[in-house]
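Colleague: I'd like to go through this one with you and ask how each label was earned. Can you show it to me?

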Amino acid sequence: MVSVKILLDLLAYGAALLGMIPLYPHLDRPVQAFLPVALLAGVYCDRLGRHPLRGWPVTVLSLLLFSAYALQISAEHVVQPVVHMLLVLLAIRLVAAKEGRHYLQIFVLAVFALVGATLLSLSPLFLPALLLLVSCLTAGLVLLTFYQAEPQLRFNGRQLRQVLTATLLLALLSLPLVLLFFLILPRTQHPVWDFLNPQPASIAFADEVRPGSLVGLAKSGAVAFRAEMEELPAGDLYWRGTVLNTAEGDVWQRRVPPPGGRERVVGGRPMRQVIYPERETGLGTYLFALDLPQSLAGIAAAQAADLVHTGGRPLDRRAPYQAISHFAGHLQAESVDRDFYLQLPASAAPRLAAEAERIAAQGGSERQKIARLEAFFRHQQLTYATTDLPGPE
């Protein structure tokens, strides 16, 4: 004989896990630590039949934690606080005493949590998670009707098989609706209506460049990040991630500029973006934003003098961040560390050194010398390509 309450407890924890797991990598560390503790505490209290957390303390604790995350909500920062609010409420509900309406609350919160995962994750595992959650929800609602009528009800083996068969049929009948939700909420890199949207750019990024390395920079086909922002022509979507500023032998790489330099953005107009990075994109700690980025929010970031933003470590979750850029602006140097930017590699190509001496010998101001240098490179008729490039196999 199996108690209807035990079955409801099992279904409630199963539904909660299906709602929590897809969101877990995107949560703040305190919430990540709180969820498994709450889950184990709930199982322990249910097993003993004693729940210290019940009545008005549950309501007060829920309101306090709810308010803490509600205060973080803004027009640009909605998803993360709401997701945290849902899971904190779900965790508290698991620890507290459970009666009929409490099971219903757990099922509803689990459904909303899984739907919230669609805003942060593009995993195709959403479909099986949704199918399992609908099955748990269907079985839970059926058992909840029995529980409301007789809380002490117990099923023998034959009765339990009959109930499970009925709930399975109900879950199968709901399958068309589940598939409809799957199509409405895109769960893969290529949603069914992706032909309505511009095709995403592909990764072609490296934190250093050397002769022949353009072969390795050919587009990988992976998506680095998605951006929610005002629509712009494709030709204006220039994303700033890193600036290579140092030559070491035949390698062009980046060093953090000295802190004494000062640059400011002149012109342009402010443009706000929400960036949704993908995991394991090979971008390292660099945080991309539309050129020229002025500030980032929603993530711990350091800003260098040349407006390159970096995080403390490579992104290991798809948590979005906000960026404000001055679109169509340009950098104006107020003070520059000339020793840093004008240092030469230990060896330079003789042809390059001779051309530099010829340009410098013509005299004039620095601006005039730079203009002659630009004219020299334009005269070379250099082209850029990522395919059919010479190089080893």
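Modeller: Sure, let's begin with a sheet: three strands, an open one, in the order E3-E7-E6 with antiparallel pairing. Strands here are DSSP runs of at least two residues (E) and helices runs of at least four (H or I), numbered from the N terminus. Keep in mind that this is a predicted model, where local features need pLDDT of at least 70 and side-chain atom pairs count only at pLDDT 80 or more, while totals for chains, interfaces and linings use all residues. Residues are numbered from 1 along each chain as its sequence is written, and side-chain values use heavy atoms, with hydrogens and water left out.

Colleague: What makes E3 and E6 the edges of that sheet?

Modeller: Strand E3 (208-209) and strand E6 (246-248) each have a single partner strand, so one side of each is left without a neighbour in the sheet.

Colleague: How do you know that E3 pairs with E7?

Modeller: Two strands pair if DSSP finds at least two bridges between them. E3 and strand E7 (residues 251-253) are joined by 2 bridges and run antiparallel, so they meet that cut-off. Within E7, Gln 253 stands opposite Glu 208.

Colleague: On to the rings. Why is the pair Tyr 103 and Tyr 147 called edge-to-face?

Modeller: Rings of Phe, Tyr and Trp (its six-membered ring) pair if their centres lie within 6.5 Å; planes under 30 degrees apart are stacked, over 60 edge-to-face, and the rest tilted. The whole structure has 6 aromatic pairs. For Tyr 103 and Tyr 147 the centres are 5.9 Å apart and the planes at 80°, so edge-to-face fits. Tyr 103 belongs to helix H5 (residues 100-117) and Tyr 147 to helix H6 (residues 126-149), so the pair ties together parts 44 residues apart in sequence.

Colleague: And are those two tyrosines buried or exposed?

Modeller: Buried means under 20% relative accessible area, exposed over 50%, and partly exposed in between (1.4 Å probe, protein chains only). Tyr 103 has 0% relative accessibility, so it counts as buried. Tyr 147 has 5%, so Tyr 147 is buried as well.

Colleague: What makes the pair of Phe 225 and Phe 288 tilted?

Modeller: Their ring centres are 5.8 Å apart and the planes are at 35°, so the pair counts as tilted. Phe 225 sits in strand E4 (residues 225-229) and Phe 288 in the loop between E9 and E10, 63 residues apart. Both Phe 225 and Phe 288 are buried, and ring pairs link them with Trp 239 into a cluster.

Colleague: Why is Thr 285 called partly exposed?

Modeller: Thr 285 has 24% relative accessibility, so partly exposed is the label. Thr 285 is in the loop between strand E9 (269-277) and strand E10 (289-290). Leaving aside neighbours within four places in sequence, Thr 285 is in contact (heavy atoms within 4.5 Å) with His 309, Thr 310, Gly 311, Arg 313 and Pro 314.

Colleague: Last one: how do you know that the span of helix H1 agrees with what is expected?

Modeller: The expected span is 1.5 Å times one less than the number of residues. For the 17 residues of H1 (residues 4-20) that should be 24 Å, and the end C-alpha atoms are 24 Å apart, so the two agree. Of those 17 residues, 12 are buried, so H1 is largely enclosed by the rest of the structure. Among the buried ones are Leu 7, Leu 8, Tyr 13 and Met 20.
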